[in-house]
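The following exercises concern one protein model. Please study the sequence and the structure before reading each solution.

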Amino acid sequence: MENAFDPIEKAPTHHPPSELLIDYAAGSASEAEALMIAIHLDACLSCRRAADAALAIGGALLDDIAPAFLPPSLFQRTLRAIDAAAEPSAPQLKQPVPAFTANWPAPLRAHLAEKPTGSWRRLPAGFRALRIPVKDESARLWIMKAPGGRGPLLHSHAADEWTVVLEGGFTDETGTYAAGDFAYMAPGDSHRMVAEPGEGCVCLLLTREHPRYLTWLGKLLAPLLRL
Ligand SMILES: [Zn+2]
């Protein structure tokens, strides 16, 4: 069977902003955000390289920062925090992943094996939605299935909205998106998405109430990675 996520056969043409890759590489992304980026990286060799480069440059920058003096009590607290972070978490029960996920990327299937979803919700006009559970309460993850030629009405965003295509594709004012492609809508952006005629579109969508603020490392390194 053709692998939609083969990085050589079908390299994505739409990528996350480099600030988001850097925050992911630095470990500052939330669980929902990290899953979205991991799905894109699974398909995208160039973004995997950019994330690796960000990690290397960020590490070198941190090495150059002069060591700060820590009072003894704070030093002890820091050591205890590092110990606590290093303790392995309790193994979670793995669930069988539903058959309809067979063509979905490995990071998403691994997530669903840890955190099973409920059932598909039927929406008007043939749309269906499946909520993906995540720890982070500030973001909501949905898998949306849109029938061919259909799309949500023109809508704008109070916060940023991220989309990764899992199967099929869609077109909006910014271009055509296929499996592995990442769409980033900034707060205030508006767009009209239309699913591919025939095949339709299955995508993973991250929505939230408040915009995400980038970390200082992401803001610092992004210009370096846009070479
Ligand atoms: Zn990419």
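**Exercise 1.** Determine how many of the residues of β3 are buried, and which strands pair with β3.

*Solution.* Six of the eight residues of β3 are buried, so this strand is mostly covered; buried means under 20% relative accessible area, exposed over 50%, and partly exposed in between, with a 1.4 Å probe and protein chains only. Strands (E, at least two residues) and helices (H or I, at least four) are DSSP runs numbered from the N terminus. The model is predicted: local features need pLDDT of at least 70, side-chain atom pairs count only at pLDDT 80 or more, and totals for chains, interfaces and linings use all residues. Residues are numbered from 1 along each chain as its sequence is written, and side-chain values use heavy atoms, with hydrogens and water left out.

Next, consider the pairing, which requires that DSSP find at least two bridges between two strands. β2 and β3 run antiparallel and are joined by five bridges; Arg128 has Lys145 in β3 as its bridge partner. Six residues lie between β2 and β3 in the hairpin that they form. β3 also pairs with β10, in the antiparallel sense, over eight bridges, and Ala146 stands opposite Cys201 in β10.

**Exercise 2.** Identify the elements that supply the largest nonpolar core, and state where this core lies.

*Solution.* A nonpolar core is a set of buried Ala, Val, Leu, Ile, Met, Phe, Trp, Tyr and Cys residues joined through side-chain atoms within 4.5 Å. The largest one has 27 residues, and those with the most contacts inside it are Met36, Trp104, Leu108, Leu141, Ile143, Leu166 and Leu204. At least two residues each come from α1 (18-25), α2 (31-43), α5 (106-114), β2 (128-132), β3 (139-146), β5 (161-172) and β10 (201-208). The largest share, six residues, is that of α2. Because domain 1 (18-92 + 214-225) and domain 2 (99-208) both contribute residues, the core lies between them; the domain bounds come from an automatic or database domain assignment.

**Exercise 3.** Name the donors of the zinc ion and establish their arrangement.

*Solution.* Donors are N, O and S atoms within 2.8 Å of the metal (3.2 Å for Na, K and Ca); water is not among the atoms, so sites may look incomplete. The zinc ion is coordinated by His15 (ND1), His40 (NE2), Cys44 (SG) and Cys47 (SG), at 2.0 to 2.3 Å. Both His40 and Cys44 are buried. The angles between the four donor atoms are 103 to 112°, so the arrangement is tetrahedral, a term that requires all angles of four donors to lie between 85 and 135 degrees.

Key: Four donors count as tetrahedral if all angles lie between 85 and 135 degrees; four count as square planar and six as octahedral if opposite donors are over 155 degrees apart and all others between 65 and 115; anything else is irregular.
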